[in-house]
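Reader: I am new to reading protein models. Could you pick one part and take me through it closely?

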Amino acid sequence: SSKARNLEVQRTDDVAVLEDCIDFSLAKPISKMEEKLERGGLADGLDDIMPSVGNEIGAEAQNRFLKAKLCFMQEELDSVVCECRKKDDENENLKSQLKDTEGRNARLQQAISTQHSPTEKYKMLAEEATKKSEGLQQEVIALEKVLQ
């Protein structure tokens, strides 16, 4: 998923097809539309596709118009599919980075916890040494008073 995608556009049968997006094809819907158009059954449904001129132009012009619209829609579909794949790749990359960061965080937490224990031990030893030192200083002061 992290490999580079080939985004070169190739023209095939008046329909733009991106090499990486060949599996997304409108071949079946196109053939069904062509069959309906040849039988004349599509002319009734052209009002939603070509509302103002659906009945005023001939079948050949309708066919050209529909092929041009189909070509445009195929190009849009291809670009959306490729953009989706790019986002999927980016998402996978970010998931990988998140996993790496979580692993690093876990290792750092473990290092902190292993270093916390000796630190506490040394703090206690320092406190004991300070108390002992204070006690010895008191003793020294007391002995100096005795000597004077």
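Author: What follows is a close look at helix α2, set against the rest of the chain.

Start with the setting. This is a predicted model. The protein has two helices and two strands. Read from the N terminus, the order is β-β-α-α. Helix α2 covers residues 59-147.

How far does α2 reach? The helix has 89 residues, so at 1.5 Å a residue a span of 132 Å is expected. The C-alpha atoms at its two ends lie 127 Å apart, and that agrees with the expected span.

Next, confidence. Among the elements of the protein, α2 has the highest mean pLDDT, at 92. Strand β1, residues 9-12, has the lowest, at 38. Over residues 1-22, pLDDT stays under 50. The model still has 40 contacts beyond four places in sequence for residues 1-22. Where pLDDT is low, predicted coordinates should not be read in detail. For the protein as a whole, the average pLDDT is 77, and 68% of the residues score at least 70.

Now look at what α2 hides. Its buried residues are Q62, L66, L70, C71, Q74, D78, V81, C82, R85 and D89. Across the protein, buried residues make up 14% of the 148 residues. The exposed surface comes to about 12100 Å², and carbon and sulfur atoms supply 54% of that area.

Take the cysteines next. C71 counts as buried because its relative accessible area is 12%, and the limit for buried is under 20%. C84 is in no disulfide. The nearest cysteine sulfur to C84 belongs to C82, and it is 9.7 Å away. A disulfide needs the two sulfur atoms within 2.5 Å. C84 has 42% relative accessibility, so it counts as partly exposed. In total, the structure holds zero disulfides.

One charged pair remains. The structure holds one salt bridge. It joins E120 and K123, whose closest N and O atoms are 4.0 Å apart. Where do E120 and K123 sit? Both lie in helix α2, three residues apart, about one turn of the helix. How covered are they? E120 is partly exposed, with 32% relative accessibility. K123 is partly exposed too, with a relative accessible area of 48%.

Finally, step back to the contacts of the protein. Take those with a separation of 6 or more. Residues 24 or more positions apart account for 60% of them.

Notes: Residues are numbered from 1 along each chain as its sequence is written. This is a predicted model: local features need pLDDT of at least 70, side-chain atom pairs count only at pLDDT 80 or more; totals for chains, interfaces and linings use all residues. Side-chain values use heavy atoms; hydrogens and water are left out. Buried means under 20% relative accessible area, exposed over 50%, partly exposed in between (1.4 Å probe, protein chains only). Helices (H or I, at least four residues) and strands (E, at least two) are DSSP runs, numbered from the N terminus. Contact means heavy atoms within 4.5 Å. Accessible areas come from the Shrake-Rupley method with a 1.4 Å probe; for residues, only the protein chains shown count as cover. A salt bridge is a side-chain nitrogen of Lys or Arg within 4 Å of a carboxyl oxygen of Asp or Glu. The expected span of a helix is 1.5 Å times one less than its number of residues. pLDDT is the predictor's confidence in each residue, from 0 to 100.
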